[in-house]
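Open the structure in your viewer and keep the sequence panel beside it. Let's walk through a few places together, one selection at a time.

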Amino acid sequence: MAGPLLRSLWSNATRRSFSSSSSQSSHLKSRFSLSSFRSFSAATASTAAAGAPSSSLDPNRLRNVAVIAHVDHGKTTLMDRILRQCGADIPHERAMDSINLERERGITISSKVTSVFWNDNELNMVDTPGHADFGGEVERVVGMVEGAILVVDAGEGPLAQTKFVLAKALKYGLRPILLLNKVDRPSVSEERCDEVESLVFDLFANLGATEEQLDFPVLYASAKEGWASSTFTKEPPADGKNMSQLLDAVVKYVPPPKANLDEPFLMLVSMMEKDHYLGRILTGRVSSGVVRVGDKINGLRQTETGSEKIEEAKVVKLMKKKGTTIVSIDAAGAGDIICMAGLTAPSIGHTVASVEVTTALPAVELDPPTISMTFGVNDSPLAGRDGTQLTGGKIGDRLLAEAETNLAINVIPGLSESFEVQGRGELQLGILIENMRREGFELSVSPPKVMYKTENKQKLEPIEEVIIEINEEHVGLVMEALSHRRAEVTDMGPVPGNDGRTRLTLTCPSRGLVGYRCVFSSDTRGTGFMHRAFLKYEKYRGPLGNVRKGVLVSMGYGTITSHSLMGLEARGTLFVSAGLDSYDGMIIGEHSRDTDLDVNPVKAKELTNIRSANKDENVKLSPPRLMTLEEAIGYVASDELIEVTPKRIRLRKRCLDVTKRKSQSKRAKD
């Protein structure tokens with residue numbers, strides 16, 4: 001009953017216009033390429049050039065804001081428009097996505113910080129990822145800011161990851177600004193925007209928002225066209241086609257940081273990067289005091305017995321990201337977000353402080369990982385042909401370095417040069433494996449395993465919330481497939497503004513969703529959308545149904561021939577083509593039945609002295625099914641491994657010898 005009453009009070013309070021700004025602060029245009037955004041060694045500018053606003057240590061001029069949203073709701077595009085509005089030189093679209101994989105896949109993988117000037121105020125903006133697998137990036141940066149811009153697609157409304165990022169923002173007491181994006185779409189009307197506002201309001205209330213947080217301002221925008229408005233419109237006037245109203249709202253509704261410049265210097269490290277010349281670059285928000293180049297500082301960390309000093313050093317360099325470039329600064333005050341060089345030991349979660357400080361700041365608590373995979377040395381017969389980083393020691397060093405910069409990943413050393421890597425999902429671990437491939441590593445990877453819990457002698461497993469949008473003719477096929485994966489439907493209905501489309505909301509065990517995205521794309525002919533996010537731990541739902549067929553396993557070493565593949569096509573779907581190398585235990589295809597089949601793909605046509613009209617050149621084979629790394633991670637079974645090299649991704653049995661595999665299967669049946 002309180003919902004409609006609160007809604008009416010809220011709507012009256014938030015339906016007010018924001019003062020439009022007529023003047024823009026000029027800002028230093030970038031003199032560097034985009035590569036300098038992440039490469040600190042690329043000639044950082046000594047100071048902001050003339051024409052940029054003069055720096056000040058007054059925290060009242062600062063506004064720290066994070067841009068949070070579900071995946072593909074327009075965060076990075078919005079950041080591009082804000083940077084352009086404030087005078088930054090944007091070399092191309094998605095300028096904040098500076099990692100190669102981010103540009104290739106069109107997703108944001110890691111959080112980025114930059115600053116812009118607007119009406120004598122400095123806005124520190126944090127761009128965050130939208131995928132649930134990279135939720136750790138959101139968790140560790142929301143503590144650096146005092147406000148958030150919650151971007152919601154006006155057509156889709158709030159989805160699974162919207163709930164996750166909003167819960168983190170409300171937990172830290174942030175007052176979000178709701179930005180309904182993509183209102184220029186033909187299917188989006190004012191009535192639809194009102195519906196989405198109501199859904200977001202209900203989401204706030206269900207997450208325990210305070211009365212002040214429920215009174216959130218609402219703006220309407222088209223980040224693609226580069227404008228934001230305080231009132232609903234599809235075509236703003238010519239002088240209103242900019243982001244000035246959004247920036248004015250940030251200055252008005254986001255409070256300045258509560259900080260004291262007279263107290264000793266304190267900073268919690270939230271991000272870390274490495275540079276060949278400067279060493280570790282620590283990024284964080286200054287909690288109190290002032291720091292200057294040349295100051296003596298300590299690195300502190302929390303232990304079970306209290307705080308421990310891990311290093312004493314001197315500030316070699318202070319830097320700040322402005323627009324798409326990095327500038328050196330002489331000093332920074334409380335409330336600001338800065339980069340610091342000079343320390344070699346502290347990492348994310350540690351505290352950097354003045355020498356008189358002995359107590360570390362509390363570290364950010366992250367949600368626990370939900371899946372794990374085992375990384376080991378590549379021991380296949382084809383090992384060492386493509387890569388340069390082959391030993392277990394180098395693999396371990398690389399994984400430990402990754403865990404140091406990404407707290408959402410845990411690395412546990414195992415037996416025989418293997419390492420258990422725990423993370424949030426297949427995509428997160430797949431990105432790590434892809435990066436290692438490109439660095440020249442060869443490794444074998446086990447299929448993902450779910451992290452179970454035991455409470456009160458009861459087995460608990462991670463449950464995820466899944467939101468699916470599909471055509472009506474695919475509903476039966478998708479629901480049948482998910483029923484085998486222990487999914488339970490919680491809501492079902494039409495998609496507003498899309499005739500013939502259905503939206504399903506389900507809860508499903510994480511283990512049931514491993515490898516399902518590829519099956520889902522095939523079942524829906526590429527027309528479906530699936531979004532997922534961790535929900536909670538729940539009682540174990542029982543074993544999964546039959547979700548995969550058997551495989552075709554090679555029992556020959558050599559070069560695969562078209563003559564042998566011609567006879568194997570009728571047995572199932574092939575993963576390889578003629579001319580590739582094969583070995584005993586390598587998986588070359590999927591069997592048409594539920595059992596594995598041992599085959600010989602290297603058999604050549606026997607030569608005779610009798611002329612034949614049928615020649616190998618006339619053999620016509622169907623194109624093989626080529627798997628991406630993420631598809632391979634979701635496809636392999638518990639007795640199989642993924643062989644990853646810089647040039648190839650192969651599937652293989654854990655035990656290569658066919659005789660040993662058969663004896664092991666017999667013992668398992670007994």
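Start by selecting strands β11 and β12: they make a hairpin, with two residues between them. This is a predicted model, so treat each stop as a look at a prediction. In the sequence, β11 covers residues 296-303 and β12 covers residues 306-314. The two strands pair in the antiparallel sense, over eight bridges. To see how they line up, show L300 and find K309 of β12 opposite it.

Keep β11 selected and add strand β17, residues 351-354. Here, too, the pairing with β11 is antiparallel, with four bridges. Which residue of β17 does G299 face? Look across and you will find V352. While you have strands on screen, a general point may help: in a regular strand, side chains alternate between the two faces of the sheet.

Next, move to the helices and select α9 (residues 392-405) together with α10 (residues 426-438). Their axes are 12 Å apart, and the helices pack at an angle of about 130°. Because of that angle, α9 counts as oblique to α10. The crossing of α9 and α10 is right-handed. Now show side chains: I395, R398, L399 and E402 on the α9 side meet L432, N435 and M436 on the α10 side. Colour the residues of this contact by character and you will get four nonpolar, one polar and two charged.

For another helix pair, select α11 (residues 475-483) and α13 (residues 516-523). The axes of α11 and α13 come within 10 Å and cross at roughly 160°. Is α11 roughly parallel or roughly antiparallel to α13? The crossing angle makes α11 roughly antiparallel to α13, because it is over 145 degrees. α11 passes α13 in a right-handed crossing. At the contact, L477, V478, A481 and L482 of α11 meet Y516, F520 and D523 of α13. The residues of this contact divide into six nonpolar, no polar and one charged.

Finish with the aromatic rings. How many aromatic pairs are there? The count comes to six. One of them is Y220 with F232, so select both residues to see an edge-to-face pair, because the planes are 90° apart and over 60 degrees counts as edge-to-face. The ring centres of Y220 and F232 are 5.9 Å apart. Zoom out to see where each belongs: Y220 is in strand β6 (residues 218-222), while F232 is in the loop between β7 (227-229) and α8 (244-253). The two residues are 12 residues apart, and their pair links distant parts of the chain.

Methods
Residues are numbered from 1 along each chain as its sequence is written. This is a predicted model: local features need pLDDT of at least 70, side-chain atom pairs count only at pLDDT 80 or more; totals for chains, interfaces and linings use all residues. Side-chain values use heavy atoms; hydrogens and water are left out. Two strands pair if DSSP finds at least two bridges between them. Axes are lines fitted to C-alpha atoms, for helices over the stretch in contact, and angles run from 0 to 180 degrees between N-to-C directions. Angles under 35 degrees count as roughly parallel, over 145 as roughly antiparallel, 65 to 115 as roughly perpendicular and the rest as oblique. A crossing is left-handed if the near helix is turned anticlockwise from the far one by less than a right angle, and right-handed if clockwise. Contact means heavy atoms within 4.5 Å. Ala, Val, Leu, Ile, Met, Phe, Trp, Tyr, Cys and Pro count as nonpolar, Asp, Glu, Lys and Arg as charged, and the others, Gly among them, as polar. Rings of Phe, Tyr and Trp (its six-membered ring) pair if their centres lie within 6.5 Å; planes under 30 degrees apart count as stacked, over 60 as edge-to-face and the rest as tilted.
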